[in-house]
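Reader: Please take me through this model, and set each term against its definition as you go.

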Amino acid sequence: MSKNSEIEIINVDLQQNTDGETKEAADREVPMIEIKQLRKVFGSFQALKSIDLTIPKGTVFGFVGPNGAGKSTTMSILATLMMPTSGYAKVDGFDVTLHPQEVRKRIGYMPDFFGVYDQFKTVEYLHFYGASYGIPKAEREELIPQLLELVNLSDKKDAYVDTLSRGMKQRLCLARCLVHDPELLILDEPASGLDPRARIEMREILRELKAMGKTIIISSHILPELAEMVDEIGVIEHGEMIAIGNVADIQNKLRVKRFLHVRLRDREEEAEAFLRDRPYVNRILRDERGIQIHFGGQDAEQSELLHDMVSAGFQLISFSEAQTNLEDVFLEITKGGEGIE
Amino acid sequence: MKEQAAMRKQDINWRNKLINPVLNKEFKLRMRTPRAMWTLFFYLFAIGLMALSAIYLTEINSGGGQSFNPEESKVLFYFLSMAQLGLIAFMAPGLTAGVISGEREKQTLNLLLTTQQSSATIVLSKLVSSLSFMVLIVVSTIPVYSMMFLYGGISPSQLILVFLFYLFIMFVLGSFGILFSSLFKRTMISVIVTYGVTLFIFGGTALLFFVVVNMVEQNPYSNTASYSWVGHFIAWNPVAALYSILDPSISEQAFTVNMGSPSTKHAPMALWQEFMIIYTVLSVIALWVGIRSLRPRLKL
């Protein structure tokens with residue numbers, strides 16, 4: 001009951017502000033997303049343990065965390081597809097459980113996995129969703145070519161949806177999200193399974209959407225590539241928000257010092273074992289590109305490590321310090337978080 | 001932008017009532033798959049085969065004479081009507097038990113649920129679209145029936161009543177199909193449960209009736225023909241209900257035990273009428289539960 005009256009107060013406030021400027025100010029005060037003590041339990045599994053999150057209007061928010069951390073659950077709740085066990089989530093002041101219709105008007109949701117109606121043509125697909133949001137046909141006729149232009153699918157407008165590539169389907173789904181001009185976009189892994197070229201195209205579209213002033217909440221593996229356009233990131237693990245803030249803050253919080261990249265001619269496994277026992281080596285990742293070390297030491301310790309490796313007879317091709325960026329933070333978090341203190 | 005939104009809102013109200021996007025989509029997509037054609041083909045093939053076999057057998061049994069007895073044509077009509085009922089019982093669950101769970105499995109349901117379409121619109125549109133397809137199929141069998149008219153013996157009003165009954169049974173089975181499709185996440189389970197319920201409605205209720213009739217007749221104090229409530233059991237059975245349209249006297253017989261002498265009290269109403277009352281209520285409940293369970297709800 002108290003939530004209801006709270007919403008009413010906000011609505012009344014907005015109506016009473018006849019002055020455009022004050023109205024805008026009041027508008028800005030209502031955050032686009034407000035999540036308080038949100039919990040979701042599936043049987044004995046706690047998917048979300050008391051999440052708090054506030055995202056102001058116009059913000060691009062990156063949602064980071066390993067698989068199963070609770071990103072999709074949070075997004076599903078925001079998209080009115082799931083009921084929280086306790087706590088609340090509001091979109092533009094509307095509680096997702098009490099006013100789902102109002103919330104649906106304001107959101108464009110793109111799930112991590114989605115299907116399409118294969119027998120539809122691209123244009124028909126968008127017409128169907130447009131109609132489902134109650135947009136009149138005449139308006140849709142004007143809008144749909146613009147949307148197809150935005151997602152670079154104009155030349156595929158009469159193609160059947162099942163003939164589109166995965167990247168095209170992702171872009172079509174994004175166009176579908178935009179059909180009713182929502183203020184908030186909830187994009188769950190919008191670039192998963194895309195090749196690098198398609199990812200770049202997706203990124204460009206998101207940049208345009210940001211310029212259009214949309215609030216975007218995005219969970220993604222291309223988040224590192226989005227670093228410069230994301231205003232804030234939130235890190236979620238085991239159903240808890242472990243850090244919220246801008247990229248630099250998060251890096252500090254997670255105490256990621258430096259990343260060393262080592263390439264060897266051979267004996268990589270031996271080198272890995274050797275490094276494991278060294279001081280300041282927090283974590284080691286080995287892949288086809290070589291060995292990555294999460295290193296806690298400074299210059300002196302780093303030079304010592306190099307010296308010891310050479311003395312131990314390892315044939316180094318390169319030993320370099322990598323720039324710490326969002327990708328490293330992301331890797332740090334998604335690979336199990338041993339380095340997080 | 002705001003004016004556009006206001007205009008949009010006004011438009012939504014009346015447009016959505018006339019042209020429902022979900023229904024439009026269902027109609028379009030159903031007829032675009034080759035499955036629609038094959039369903040129609042096999043249905044007509046099956047009913048045609050049954051009709052021709054029945055005509056052939058009647059012909060042989062009547063001695064192969066030149067004339068055709070109207071009584072025989074009536075039997076043929078009964079046979080064909082029952083056969084059609086069987087085919088509908090077979091088809092309706094198959095066409096409806098996957099409409100919602102199928103979308104869930106194809107991962108299109110979530111997208112549909114985040115639109116402005118109400119749960120009722122989605123569920124009812126899917127029912128109406130499935131029913132329309134079934135009506136198309138059943139109507140396409142009319143030429144087979146017309147063969148019976150060549151020989152006479154059946155009134156058009158009887159034919160119309162039989163077709164209305166088909167429409168009703170399709171609605172009933174369709175409602176159950178959609179209910180389970182909405183309740184169960186997997187189409188396979190939904191289909192099995194729907195066929196299970198259909199089997200119970202057709203076979204289980206009849207079995208129950210015969211068991212109860214025998215129990216009542218075992219009673220040593222009642223060995224004269226008398227009115228009995230047992231008829232209410234067979235009123236749950238669609239075959240009996242259809243038969244009561246074809247041959248109204250069956251309603252009286254259903255409510256009489258220890259037949260042989262006339263019963264003192266008449267049946268409260270025809271079997272098919274009671275059948276319709278029972279299943280209208282059940283179907284409405286099924287649809288209501290189906291609509292309620294489509295989207296997550298607050299547990300109060």
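Reader: What makes 37% of the residues of chain A count as buried?

Author: A residue is buried if 20 or more other C-beta atoms, placed from the backbone, lie within 10 Å of its own, exposed if 12 or fewer, and partly exposed in between. Of the 341 residues of chain A, 37% count as buried. The model is predicted: local features need pLDDT of at least 70 and side-chain atom pairs 80 or more, while totals for chains, interfaces and linings use all residues. Residues are numbered from 1 along each chain as its sequence is written, with chains lettered from A and ligands numbered from 1 in the order in which they are written.

Reader: What pLDDT does chain A have, and where is it below 50?

Author: The pLDDT is the predictor's confidence in each residue, from 0 to 100. Chain A averages 82, and 82% of its residues score at least 70. Among the elements of chain A, helix α1 (residues 2-16) has the lowest mean, 42, and strand β5 (residues 94-95) the highest, 95. The pLDDT is below 50 over residues 1-19 of chain A and also over residues 336-341 of chain A.

Reader: How many helices and strands does chain A have, and what makes a run one or the other?

Author: Helices (H or I, at least four residues) and strands (E, at least two) are DSSP runs, numbered from the N terminus. On that basis chain A comes to 13 helices and 14 strands.

Reader: Why is the sheet β12-β13-β11-β14 of chain A called open?

Author: Two strands pair if DSSP finds at least two bridges between them. The four strands of this open sheet have antiparallel pairing. β12 (281-287) and β14 (316-322) of chain A stand at the edges with a single partner strand each, so one side of each is left without a neighbour in the sheet.

Reader: How do you know that β11 and β14 of chain A pair?

Author: Strand β11 (residues 258-264) of chain A and β14(A) share six bridges in the antiparallel sense, against the at least two required. In β14(A), A:Phe319 is the bridge partner of A:Val262.

Reader: What is the span of helix α2 of chain B, and why are its buried residues said to line one face?

Author: The expected span is 1.5 Å times one less than the number of residues. Helix α2 (residues 21-32) of chain B has 12 residues and reaches 16 Å from first C-alpha to last, close to the expected 16 Å. Its buried residues are B:Pro21, B:Val22, B:Lys25 and B:Glu26. Seen down the axis of α2(B), these fall within an arc of 135°, so they line one face of the helix; the arc is that of the directions from the helix axis to the C-beta atoms.

Definitions and conventions. Contact = placed C-beta atoms within 7 Å.
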